[in-house]
Every structure is written in C-alpha cells, then in structure tokens.
Amino acid sequence: MAKKDKRQKVTLTADARQGLVVKNTGSAYDVRLDDGLTVSCRIKGNFRIKGIRTTNPVAVGDHVMAVRATDDVWYITEIMPRHNYIIRRASNLSKESHILAANIDRALLVVTLRDPEVPLTFIDRFLATAEAYRIPAGIILNKCDMWDDSDRELGEAMKHLYDSIGYKTLIVSAATGFGLDALREETADNISLLAGNSGVGKSSLINSLIPGLGLRTGEISGLYHTGTHTTTFSEMLDLPYGGEIIDIPGVRSFGTIDFTPEDAGHFFPEIFKTARDCRYSDCRHTGEPGCAVKDAVADHLIAESRYASYLNILEEVAAGDADKYRKPF
C-alpha cells in the first residue's frame, strides 16, 4: 500500500516578482523585491549548478523570481542566470560544495598575522578559487595595530608578494582606523564578498565601514588562538558611500572542488605565465626535465610559499577521483 504524501500542498498565486537575495539564514532567504519590499522566502524547486551538489542551492547575491502563495508565504521558484559565483568544498571530506556568493564584483579575504595566524596555504587556496571563477580578488591584512617589528616586516613582505602577482593588498586596522579610507575606496560602488577565518576581524571592519550597524564581535580563544564564530548567516549589507558588502560566516578551511591536476597551475598567475617556457606543454612542475617553474622557484622569481600551495592543491586533487572535478564555466 502506497504511503500518503503528508506534505502540505502549496498553491502559488499570480503575484510573482523579481528580487535580490540579501540574506540566507539556512532555513529561509530574505529577498529584496524590485519595489524595495523585503520578504522572507522558502524554496520551491530543485536548483543545481551544472550537476554539482551544493549545500545551499540559492546564495546571497542571486537574482530570483519570488512568488506569493495563497497563505501569504513567499517562495523562490527560479534563479536568474548568474553572472558569476564562487564556491568551496563544504568540508574536507565532503563531495558537496557550498556557494559563498553570486554575482559579485570582488572577493576580498581578510587575514591576520596573529590571533589568529592565517596560513599562507589558506590565502592561496582562496585566491586560486577566485581565479577559477574569474572573480577579481584582493587581500586585507587586518590588526596591524598589534604588530611588532617582526610582524611589520612580514606584513610588508606579504603585501609586496601579493601586490606583485596582481592581488591588491591593504594593510588596515579596524581598531585604529588605519587604512580604512583605502578599503572604502576599494569597496565603493561594488558588490564585494568579505571572507576570512573566524577571529580575523571581519565584523569589526564592517562595523567601521557602516557606522551604527553593531555587528556582534567575538573574542579570540586563548588556548587555540583561533576566533569564535559571530556571523552565523550570509548577508548583503549596504555601504553608506555606495556599494554592498556580502558578509559570510568565518571559514576554517578552504577545500577546492572544481580543479583538475591539468589546470591547477592555471589558477596561480605567476606559475601559469612561467609555465609557457617549460619544455613540455603538460608539465606539472613536480620534477619534469626542463621545468621553467622549478627554475623560477630556485631563482626566487616565484615564491616558495606559493609553489608549496600549488603542490598542496595538486596533491589534493590528484588523490581524488578526477571525474568528480570539473572545470568551472
């Protein structure tokens, strides 16, 4: 005997409007309709990205069609074509992805040298993913007010390294206001994704950019020197000087999901450029003869940290099922 479907039937009305997803709480989505009204929506439909399984089929930044039901509940029934999106692996062991944001102009990564210390590998994974999805990326070095002379030397070296590759790097302090004018200029009139580990000061930075907002900030764990989650959902926030920032929960790890061993090097601009001079066109820069990339690392023309990050990603991808990894776009 077939089981009865106990789910309540939803009858949609003809009141359908386009809108922008401005908040994702996990169970519902806030959609700003074209007339300025913001409504809470549920999902009706099966949304997928090119067959990739995602933990959140709808993301902040998505343009959607929202339809009101007869019980005055709103439903998202359609996602408009995305200009772009950026995703990461949902967890190190997961085959699912998580969409960080859609339809963005810039992806900015907030990092710190201490309390917490952000690994260079994490930075490079974020930048490589932004490259894969053709999204301009930059770095915000926060908490410079806490630096000693050694930190200051390291921070300036990091800025020089990433600036030279093409990733604009800003040294700022949410506590003192240092560098915030440059950050305002960088985010003005753009839709910017702000990402980073917990505890790097994302909420404090946003509070500085949007006076009176009052996002909750957290303390750093004295035992593990890591941050605590204060942002529990993704949200698009309007900047008073024009533009929007998408604030997302702190990211502890950044697993790649769309790379193949063949194209991993394409997402490191300096490696991709240098690889043109390798003896073999399919060189993976792991010991092949005539490898221009290995020579450039030995000559300090490519940073050893960047090369190590490339090898780390290459090892991760090569260890998986190649058929599971698809090139974006």
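Strands here are DSSP runs of E at least two residues long, numbered from the N terminus, and that numbering gives us names such as β7 for the views below.

**Figure 1. The whole chain, to get your bearings.** Before zooming in, keep in mind that this is a predicted model. The chain runs to 329 residues, and 48% of them are buried. It has 13 strands, along with 7 helices. Take the contacts between residues at least 6 apart in sequence: 67% of these join residues at least 24 apart. As for the outside, the accessible surface adds up to about 16400 Å², and carbon and sulfur atoms account for 49% of that.

**Figure 2. A close-up of N103, between two strands.** Here we are in the loop that links β7 (97–102) to β8 (106–111), which is where N103 sits. Have a look at its backbone: phi is positive, at about 55°, even though N103 is not a glycine. Is N103 buried or exposed? It counts as buried, because its relative accessibility is 11% and the cut-off for buried is under 20%.

**Figure 3. A close-up of D115 and P116, on the way from β8 to α1.** Moving along the chain, we come to the loop between β8 (106–111) and α1 (120–132), the place of P116. D115 lies in the loop between β8 and α1 too. What is the peptide bond from D115 to P116 like? It is cis, with omega near 0°. D115 also has a positive phi, about 50° in this case, and it isn't a glycine. With a relative accessibility of 26%, D115 counts as partly exposed.

**Figure 4. A close-up of the cavity and the residues around it.** Rolling a probe the size of a water molecule over the atoms shows where empty space is left. How many cavities of 30 Å³ or more turn up in a search of the whole structure? The search finds 1. The largest cavity holds about 30 Å³ of space.

**Figure 5. The same cavity, residue by residue.** The lining of the largest cavity is made up of N24, N56, A59, V60, H98, I99, L100 and S234. Which element gives the most to this lining? That would be β7, with 3 residues. Sort the lining by type and you get 4 nonpolar residues, 4 polar ones and no charged ones.

Note on methods: Residues are numbered from 1 along each chain as its sequence is written. This is a predicted model: local features need pLDDT of at least 70, side-chain atom pairs count only at pLDDT 80 or more; totals for chains, interfaces and linings use all residues. Side-chain values use heavy atoms; hydrogens and water are left out. Helices (H or I, at least four residues) and strands (E, at least two) are DSSP runs, numbered from the N terminus. Buried means under 20% relative accessible area, exposed over 50%, partly exposed in between (1.4 Å probe, protein chains only). Contact means heavy atoms within 4.5 Å. Accessible areas come from the Shrake-Rupley method with a 1.4 Å probe; for residues, only the protein chains shown count as cover. On a 1 Å grid over the protein atoms alone, a cavity is a set of points where a 1.4 Å probe fits but cannot get out, and a pocket is an open set with protein on both sides within 12 Å along at least five of seven lines; lining residues have an atom within 4 Å of a point. Grid points are joined across faces, edges and corners, and a volume is the space filled by probe spheres set on the points. Ala, Val, Leu, Ile, Met, Phe, Trp, Tyr, Cys and Pro count as nonpolar, Asp, Glu, Lys and Arg as charged, and the others, Gly among them, as polar.
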